[in-house]
Amino acid sequence: MEVAATTLLNALTLISILALVGLGLTISFGLMNVTNLAHGEFVAIGAFSVYYIQSLGGSFWLGLMVAPLAGAAAGFILEWLILRHLYDRPVGAILATWGISLILQQSLELIFGLGAKPVVPPVDGVSDLGLITYPTYRLILISIAATTLLAVLLLLRRTGFGLDIRTVIQNREMAEAVGINTRRAFAVAFAFGAAVAGLAGALVSPLATVLPQMGVNYLANSFFVVIVGGAGSITGLLAGSSFVGGFTSILNYQISPSLAQALVLTAAIVLVRLRPNGFVPVGSRFS
Amino acid sequence: MLTASGLRSGYGALPVLHGVDIAVGEGEVVSVLGRNGAGKTTLLRTLSGALAAQSGQISVGGLDVTRRPAFQRARAGIAYVPQGRGIFGMLTVEENLEVGTRAAVGSDTTDIRQRVFQYFPILKERSGQRAGTFSGGQQQMLAIARALCGQPKILLLDEPAEGIQPSIVHEIGTLVRRLADEQGLAVLLVEQNLDLVMSASSRCLVMDKGRIVHAIQPEDLKDEVLLKQFLAL
């Protein structure tokens, strides 16, 4: 029972992070048809933001607020400088973002130096949940992630901007014909996805090893999340991250993490073979 | 209201329009006829901005929009209802109409929708329904309603009668005529259905191989000899 409860909370931690990182990917995949290999670096930028703020004497919470802004700024620049010229060339976009990914990793290393950076969690200790005790910080992480995802869902379903995005995803040419500035919608949506990835990076920074290359792992897993779940929908994103995150957490308890990772990815491949468009196919995007 | 002169465009290295001159005035419904591949759809796509003009000029009420992207042309007053209608099937009727108002910058959008509903009472009844569940005829009505939500000066309609039952085709013809008469809307209609063309048009143009080759009156369409000559039908 205790094991089950702990596994569940571990799974929720992982699912939260995967969903936050995957959000930006599902936006660029589903909305712009861009495979962004530099997305993991937004996570790294978020984590380094917290490290940098803390190294200046600022609090973790200040870092947590700066991280999404840093992510958004990086995303905005990347979209404006590179991606907007490559929307008609998906393969070119893959190569370009891969190059950007390497440049960003090296830049972080040049600026902050080699080696892992320490990030101090805002709270220490564990919380007593009755049945089990669980690290307090992880509970905070899960709540912030859940709140963020709920806010994103409301933004998409209840606001004019959300309606624009849902419209552009369904039919870009027609969205433009009714008067929506689709280029601007792309830029804002992309920066928004980068901001949420930055937030994810900040949230994991006390738990993970903060390195310039840290984004690569999150990128790979989040791609599986998006592909398994189906690109371009929040429901698909949640389904995909629950599958990858849940499965990984359960297996991690039984076998070595590397083997668990391999098994999860194998399961994901089988799943994609059976359901090529993911759990939530394109037809029901962002709904 | 809408004028285009010397308009050339096409797909990549394949030219389709070879210098089209066209003018549609306020309250006028101009139909474009022609065989498949004559360039009718390409003409509408070029006017709406879905396809860039390679040369020539397009203006809306005196404003040159040739180099403007499609969303700015929509805001300048060009509404486009493409072949196949381009309905956002996953959105509700209400949401389709709301995005339709994106072109009406600075206007009261609730007010616009109420006025548009007067022409389409059925859409008001079903405003919460997903547009994708509508029949072809209802989708066509919704597409026209959505176009009107942008408070356009010019309406570009591409084969609105395609795949729609005759009673609704007649309804669309009456509606288009009413919109031109009552709202002063300039309508450019591409259509193969001659009944619709005759009931709605002020005048007709015949297109062939990317050019306007004849101007005829709607009544001329009853004359089979002329039809054969112009359209080779």
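How much space lies in the second largest cavity? In this predicted model, the answer is about 90 Å³. Ten residues line the second largest cavity, and those closest to its centre are A:Ile27, A:Leu156, A:Ile165, A:Ala189 and A:Phe192. Four helices of chain A, α1 (2-32), α5 (136-158), α6 (160-170) and α8 (182-204), give two or more residues each to this lining, and α5(A) brings the largest share, with three residues. By class, the lining has ten nonpolar residues, no polar ones and no charged ones.

Let's step back to the cavities as a group. The structure holds three cavities of 30 Å³ or more, and the largest has about 100 Å³ of space. Both chains appear around the largest cavity: A:Ala177, A:Val178, B:Ala79, B:Arg146 and B:Ala147 lie nearest its centre, among 15 lining residues. Here β6(B) gives the most, with four residues, and the lining divides into twelve nonpolar, two polar and one charged.

Now follow chain B to strand β8 (residues 186-190). All five of its five residues are buried, so β8(B) is largely enclosed by the rest of the structure. In a regular strand the side chains alternate between the two faces of the sheet. Both faces of β8(B) are covered, with B:Ala186, B:Leu188 and B:Val190 buried on one side and B:Val187 and B:Leu189 buried on the other.

What pairs with this strand? β3(B) (residues 29-34) runs parallel to β8(B) and is joined to it by four bridges, with B:Val29 opposite B:Val187. β7(B) (residues 154-158) is also parallel to β8(B), through five bridges, and B:Ile154 is the bridge partner of B:Ala186. From β7(B), the chain crosses through helix α7 (residues 166-183) of chain B to β8(B) in a right-handed β-α-β crossover.

Technical notes
Residues are numbered from 1 along each chain as its sequence is written. Chains are lettered from A and ligands numbered from 1 in the order in which they are written. This is a predicted model: local features need pLDDT of at least 70, side-chain atom pairs count only at pLDDT 80 or more; totals for chains, interfaces and linings use all residues. Side-chain values use heavy atoms; hydrogens and water are left out. Buried means under 20% relative accessible area, exposed over 50%, partly exposed in between (1.4 Å probe, protein chains only). Two strands pair if DSSP finds at least two bridges between them. A crossover is right-handed if, with the strands pointing away from the viewer, the path from the first strand over the helix to the second runs clockwise. On a 1 Å grid over the protein atoms alone, a cavity is a set of points where a 1.4 Å probe fits but cannot get out, and a pocket is an open set with protein on both sides within 12 Å along at least five of seven lines; lining residues have an atom within 4 Å of a point. Grid points are joined across faces, edges and corners, and a volume is the space filled by probe spheres set on the points. Ala, Val, Leu, Ile, Met, Phe, Trp, Tyr, Cys and Pro count as nonpolar, Asp, Glu, Lys and Arg as charged, and the others, Gly among them, as polar.
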